[in-house]
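Good morning, and thank you for joining this short presentation. Please take a moment with the sequence and the model, and we shall then go through them together.

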Amino acid sequence: MHPLSRHVIDVADFPKPGILFRDITPLLRSHFTEAVDALDALFDAAEWAATEAVAGVESRGFILAAALAERRHKGFVPIRKKGKLPPPVVDRSYELEYGSGVLEMQRGRGRLLLIDDVLATGGTLGASAMLAVDAGFRVEQVGVLIDLGIAEAFRWQGEPVRAVIRYG
């Protein structure tokens, strides 16, 4: 297990009974730079050179993706919950382990790295990647801070999601 995992707090029955929430807030508060360093290291120099922007999934994915985009002098592309971006937008429905939702993003083009905080069932991350393609982007790679080990078969373009911390 990655040393940063000791700063992730388990919260039982949140946001509803039966869910074990991995809270990254203490990690970001005390070791933000190290977390961004670890995410940055998931991708090699050639991958960074070929990337034009970093997309982040609302809301904790914004924090991580924006930090990476700034560090690597890339653009930042937000993927937001329905109704949070001005039109025109492209949208996609998705399922969570505890509900469903709709994600939106504005149209664009270019090569993206897609970043989120957690891979759970793959619903949000899969919908985000497909949404980015629908919006005109090419998703080169997908990375997360934490892979909960629930969606072991989840792949993007045949590749597993890259993760700093893996559970399960």
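Of the contacts in the chain with a separation of 6 or more, 58% are between residues 24 or more positions apart. Please keep in mind throughout that this is a predicted model.

Let me turn to the chain as a whole. Its secondary structure comes to four helices and eleven strands. Along the principal axes, the C-alpha atoms fill a box of roughly 40 × 35 × 30 Å. For 168 residues, a compact globule would be expected to have a radius of gyration near 15 Å, and the chain agrees with this, because its own value is 15 Å. Buried residues account for 50% of the 168 residues. The accessible surface comes to about 8300 Å², and carbon and sulfur atoms hold 52% of it. As for charge, the chain has 20 positive and 22 negative charges, and the mean positions of these two groups are 3 Å apart.

I come now to the aromatic residues. How many aromatic pairs does the structure hold? The number is three, and I shall describe two of them, beginning with F14 and F21. The rings of F14 and F21 are arranged edge-to-face, at 5.1 Å centre to centre and with 85° between the planes. Is F14 buried or exposed? The answer lies in between: F14 has 42% relative accessibility and therefore counts as partly exposed. F21, by contrast, has a relative accessible area of 17%, so it is buried.

The second pair is made by F62 and F76, again edge-to-face, with 5.8 Å from centre to centre and 85° between the planes. This pair links distant parts of the chain, since F62 belongs to helix α3, residues 60-71, and F76 to strand β4, residues 75-81, with the two positions 14 residues apart in numbering. F62 is buried because its relative accessible area is 19%, under the cut-off of 20%. F76 has 33% relative accessibility and so counts as partly exposed.

Let us next consider a tryptophan. W156 is located in strand β9, which covers residues 155-156. With 16% relative accessibility, W156 counts as buried. Which residues does W156 touch, not counting those up to four places away in sequence? They are A129, M130, V133, V139 and V142. W156 and A127 are 29 residues apart in sequence, while their C-alpha atoms are 11 Å apart in space.

M130 appears again when we look at R92, a residue of strand β5. R92 and M130 are separated by 38 residues in sequence and by 8.1 Å in space, C-alpha to C-alpha. Once neighbours within four places in sequence are left aside, R92 is in contact with G101, V102, L103, A127, M130, L131 and D134. At 25% relative accessibility, R92 counts as partly exposed.

A further residue of interest is S5, in the segment before β1. Its relative accessible area is 15%, so S5 is buried. Where does S5 find its contacts, leaving aside neighbours within four places in sequence? S5 is in contact with I165 and Y167.

Finally, I should like to address the backbone. Most residues other than glycine have a negative phi, and most peptide bonds are trans. Here, the peptide bond from E58 to S59 is cis, with omega near -5°. S59 lies in the loop between β3 and α3. The peptide bond from P87 to P88 is also cis, with omega near 0°, and P88 is in the loop between β4 and β5.

Positive phi values deserve a word as well. D13, which is not a glycine, has a phi near 60°. D13 is placed in the loop between β1 and β2. H73 is likewise not a glycine and has a positive phi of about 55°. The position of H73 is in the loop between α3 and β4. H73 has a relative accessible area of 72% and is therefore exposed.

That concludes the presentation, and I thank you for your attention.

Key. Residues numbered from 1 in each chain as written. Predicted model: local features only at pLDDT ≥ 70, side-chain atom pairs only at ≥ 80, totals over all residues. Heavy atoms only, no water. Rg over C-alpha atoms; globule rule 2.2 N^0.38 Å. Buried < 20%, exposed > 50% of the residue type's maximum accessible area, 1.4 Å probe, protein only. Contact = heavy atoms within 4.5 Å. Areas by Shrake-Rupley, 256 points an atom, 1.4 Å probe, with all protein chains shown as cover. Lys, Arg positive; Asp, Glu negative; His and termini not counted. Charge placed at Lys NZ, Arg CZ, Asp CG, Glu CD. Phe/Tyr/Trp six-rings, centres within 6.5 Å; stacked < 30°, edge-to-face > 60°.
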